[in-house]
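User: Could you take a close look at one part of this model for me, the open sheet, and then set it against the chain around it? I would enjoy a connected walk through it.

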Amino acid sequence: MLKRTDYLTKNYGKPDGWTLAAYEAGGGYRGVRKALMMSPGAVVEETKKAHIRGRGGAGFDCGMKWSFMPKPSDKPHYLVVNADEGEPGTFKDRTIMEQNPHALIEGCIIGCYAMGAHTCYIYVRDELHLSKERLWAAIEEAKAKGYLGQRPFGKTYEVNIFVHTGAGAYICGEETALLNSLEGKRGQPRLKPPFPAQSGAFGMPTTVNNVETLAIVPTVFQLGGDAFSKLSALHHLNDGGTRLFGVSGHVKKPGVYECAVGLTLRELIFDLGGGVLDDRPLLGVVPGGSSCPVHLPDEIVNIPGERFEAYNGKCILDIPLGVDTFRGAGSMLGTCCAIVMSDAVDPVLALQNLMHFYRDESCGQCTPCREGCGWLERVVNKIVAGEGTMAELDQFHEIATNITGSTICAFGDGAAQPALAFIRRYRKNFEDYINNGAATQTRSLSL
Amino acid sequence: MAFALSDERIKEFAEILSRYPNKMAACIPVLHLCQEANDNWVSDEVTEYVAEKLELSAAHVKGVATFYSLFNREKPGKHQVWVCRTLSCALRGSEGIISHCEKRLGIKMGDTTPDGKITLRTAECLAACGTAPAMQVNKEYHENLTPESVDAVLDKLLAD
Amino acid sequence: MPSFKLDGRDVEFSPGETVIEAARKAGVDIPHYCWHPGLSVAANCRMCLVEVGPPPGRPALMLNVLEYDAEKGEYIDAKKPKLQPSCQLGAVEGMEVKSESSEHVKRARAAVQEMLLLNHPVDCPICDQAGECRLQDYWLEHQSTDKRMKDETIRKPKAQDFGPTIVYDAERCIVCTRCIRFSEEIAKDPVLDLRDRGNLAEVVVAPGRELDHDYTLMTEHVCPVGALTAKDFRFKARVWFLRSSQSICQGCSTGCNAFLDYDPRDQTVYRHRPRENAEVNKFWMCDKGMLDYRRIHENRLLEPTISGKSADVGAALEKAVELLKDVDSDKLAVVLSAQHSNEDNFALLTLAQEHLGSKALFLAARPSGPADDILINADKNPNTAGATAVCGSTPPKSFSELLTAIGSGKISHVLALSADVEEDLSPLSDLKALVVLSTHDVGLAKAATVALPASSWAECDGTFVNEKGASQASESAIKPQGASRPAWKLAGAIGMRLGKSTPWKSLDDFRGAVNSDAAAAGVDVGVQPGASA
């Protein structure tokens, strides 16, 4: 179902669209006023009704996550925003921070109020200098208006927001690595339990939310949680509202598109993305960031369960992009930012590109990921260099399988999944490299 | 010579500290601050300075400074250029952009031009996949790159 | 006590314990590298992964993986459970844990083992850890296959000097962070950390520092592989030739439980390392203590002397008896030693009180030194408490009081058990006779009219009482050096020659006598019947 919306994107591309004035002219800072009239518990309940599934990739329900925070005590609570966007193929949060920063600020105020937090840190990866600049400016504007500080909107509930900068490490997008990094440590994921809601930033109860997740919260309070949820074609699967869909790679119109949840990959690629470059055939598509499996364009999904009956036996491109629909289909929704590859792409080189990324970005804390990611890359490098053997190819899935589920955080699985998905779908291409000198391969990633 | 911050940066340092409940949390922003004040690299002197100011072990600060890719271990060129190499950019021709940069500057990725003007490196995904290929020049993004637009950027840097 | 099932066997646990801790107490060693019972949990090696049954009524969390059907030439979807590190997993009543009995766990451990060796140089023939290396042990137990990655490994710095005692080989390092955690958590000096990331990570010393705290050798001791080696031990011995005796550290009055590692072939001690004792030293020792073993082979008094000249034992004993017998007992002082065992001190005391009639008791001791609140005690003697206790209700006076008494002419003859005293010994020249039983060729022995070589703690069993009053047995490692004999035997021999028969034929006889005599005197010196405390 293709239904475009503009709750977050109405000011995108407009001159000074990121200013407080532009935001308020578009109806901004109304949701927070409503929320502050409610009790914090009621704010959490309303957010639950919206069924915002976390936009950072894990798809956990936002209101549910907020409800895990303990009751206010003498311990400070923290809201931490994960703005470490760096998953290959994902580029939506940056557009919010650059072009609609006040939506995030407003969402942060609501989130802080709901969870008894008075301090919010927005952890922005260092490379996004414009995002940081726009966020600091938005904070200053909001402070000057009295929206932040001692009495936001006249309510005696102090909220302060700070922008914190990373320094170049993809792993800091993992929420506990992010917390370590926020605390001034190496960005290595923490052991869980304890979970952040019990012991997060500085050992205090903490919720980490993605930028987009928080930025859409003000809309929830403008429309009402239930009404927001029902914008989605997957409201019945508790996957509500609207979200940002990204499409990159071999499409005519790459970019970020705001739509109701329920969009299909076919609509994203062909309707919004304008189709494949040069109208070439599709080789494959990665649905939501590089840690998701790659899919063939004609892949038929086997999605068991009564609630998914309508989708069973359909093509992967025609399944609504939802957290549970894609999980049920053995895939992963991730960040809803698809990477599109035409038949000009050599899948062996595509996997090589990704394995380089994961080896480079593994934090090195635990053995299977530290050593396994390097090994995966080596094998692909050898195959690409014409030095690979069939024995190594036959071991490749074993390395990835051995990483899966054995690591401290999800990074290991995130590296193993693309490895398994590529080898499974494109094994013939790898064999061609080993046995025929890649005679029938494009040996290229671009057109 | 021992490293020290200017008075102006000391003020910024104090402001950074005021954001957090403890000193350690200021480690990364303060390393950025000191790196900028030290020709864009983190020397052992800088490490020891940050450790002393934040009451941390110098081993901890060294561990942090070497964990993150944007703290330089040696002095880079006056301008730093990072070309994104990851999949979405690669699909849109970043490999060509990379080799174009290398040819244009006569250096390889990871190197600095002999005149010390430009350090050229690859970056992992810059979150600019929709406007690929992309590169970061100092603190600015340049997107939808073509060899021509890259030349325009590099020319400006070389002339500076 | 609550319990859980480990491979079908009931394992009891105390609330708060992890699975690996409870298993260890039950005598089951779940394989591990990074976990150490005395350090915080890092859970980074992933060797101790176990499979845990889901809570009743809930499905297990399964992950999508692949298998390859070579005959059909196609991949097959497969599932594997999410495994848990047992070092981090809190034990829960009724929980079902599979370790050895899970095929998934076996495969995961073999995989971790293979990955740890992936970039390892496998330079066992020149590695000091060989023979006590977990990579070797676990390879046999959990992998036993050839390395599948045949390419060149990642090169990292080798033989880095970390400080006065430790050398680091980054290629052998498995980044378990034990040394880092030890320095921070136990030695309270966070001088180590990790640098870089991914498969380039390695341990680094703080800029501007060396690894030079008081417990640096423990970083080598906790290192499960050959990454950290001790300069003191490097290239000196192969551990499979070494045997270990259970000793008590002689460095201070903490009385750390230790192993003396020695080569029986050349009767040489090569290493001193901690032996676990939860009440005394937990798992640790300080550098001074660990290096103290070197005294066993340094500056020893290996033959008797009479007036500074070498003599045989018989002649020296005769001379000693000649000097001591018929001396006015008021003028005769007896010096006990805070560096000798209860046995040695008691024998000397018996000789003094029963055979020579002396009542003037003094205690020789090393001067006190620096202390910390970890292990190091200011009293640098292993047995101050024991040597004091054997004297019963009249504690010995200090060694400096003896020197004063000599200076004022009150004392003219001295029988002494030696210690590394640092007082000015010049008053001793006023003595008519000085008989010294000494392990080392130190000041007292040099000043002696007759010096008799005594065996060190490495050469004879003994009992030492630490500052908390714990009486601990120390076991001999090597044979007595040179002509030395245990001091208690020398004291007995002097007694015999004085015409007083002593019933001590063996150490056990002697210990029985010590205990019954002590009990009769209302003293508990707690001499241990055997070495195993």
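Analyst: Happy to; below we start at the sheet, move out to its chain and end with the nonpolar cores.

Please keep in mind that this is a predicted model. The sheet belongs to chain A and is an open one, built from four strands in the order 6-5-8-7. Its pairing is mixed. In general, strands of a sheet pair through backbone hydrogen bonds, in either a parallel or an antiparallel sense. At the edges of this sheet lie strand 6 (255–260) and strand 7 (282–286) of chain A, each of which pairs on one side only. Going from one strand to the next, the twist averages 25 degrees.

Now for one pair inside that order. Strand 5 of chain A, residues 242–249, and strand 8 of chain A, residues 337–342, run in the parallel sense and are joined over four bridges. If you want a spot to centre your view on, try Gly246(A), which stands opposite Cys337(A) of strand 8. The sheet also has a helix packed on it: helix 12 of chain A, residues 265–272, touches strand 5, strand 6, strand 7 and strand 8. The direction of helix 12 makes about 120 degrees with that of strand 7 of chain A.

Stepping back to the whole chain, chain A has 17 helices and eight strands. Its radius of gyration is 22 Å, close to the 22 Å that the globule rule gives for 447 residues, so chain A is as compact as a globular protein of that length. Along the principal axes, the C-alpha atoms of chain A fill a box of roughly 75 × 45 × 45 Å. Of its 447 residues, 68% count as buried. Contacts in chain A often span the sequence: among those between residues at least 6 apart, 70% join residues at least 24 apart. Chain A exposes about 13,800 Å², with carbon and sulfur atoms supplying 52% of that area.

That leaves the interior. Nonpolar side chains tend to be buried together in soluble globular proteins. Here the largest nonpolar core has 176 residues, and those with the most contacts inside it are Tyr68(B) and Phe4(C). Helix 17 of chain A (residues 411–436) gives this core its largest share, 12 residues. As for Phe4(C), its contacts beyond four places in sequence include Val11(C), Phe13(C), Val19(C), Ala91(C) and Met95(C). A second, separate core has 70 residues, among them Ala35(A), Val211(A), Leu214(A) and Trp82(B).

Methods:
Residues numbered from 1 in each chain as written. Chains lettered and ligands numbered in written order. Predicted model: local features only at pLDDT ≥ 70, side-chain atom pairs only at ≥ 80, totals over all residues. Heavy atoms only, no water. Pairing = 2+ DSSP bridges. Helix = DSSP H or I, 4+ residues; strand = E, 2+ residues; numbered from the N terminus. Axes fitted to C-alpha atoms, helices over the stretch in contact; angles between N-to-C directions. Contact = heavy atoms within 4.5 Å. Rg over C-alpha atoms; globule rule 2.2 N^0.38 Å. Buried < 20%, exposed > 50% of the residue type's maximum accessible area, 1.4 Å probe, protein only. Areas by Shrake-Rupley, 256 points an atom, 1.4 Å probe, with all protein chains shown as cover. Core = buried A, V, L, I, M, F, W, Y, C linked by side-chain atoms within 4.5 Å.
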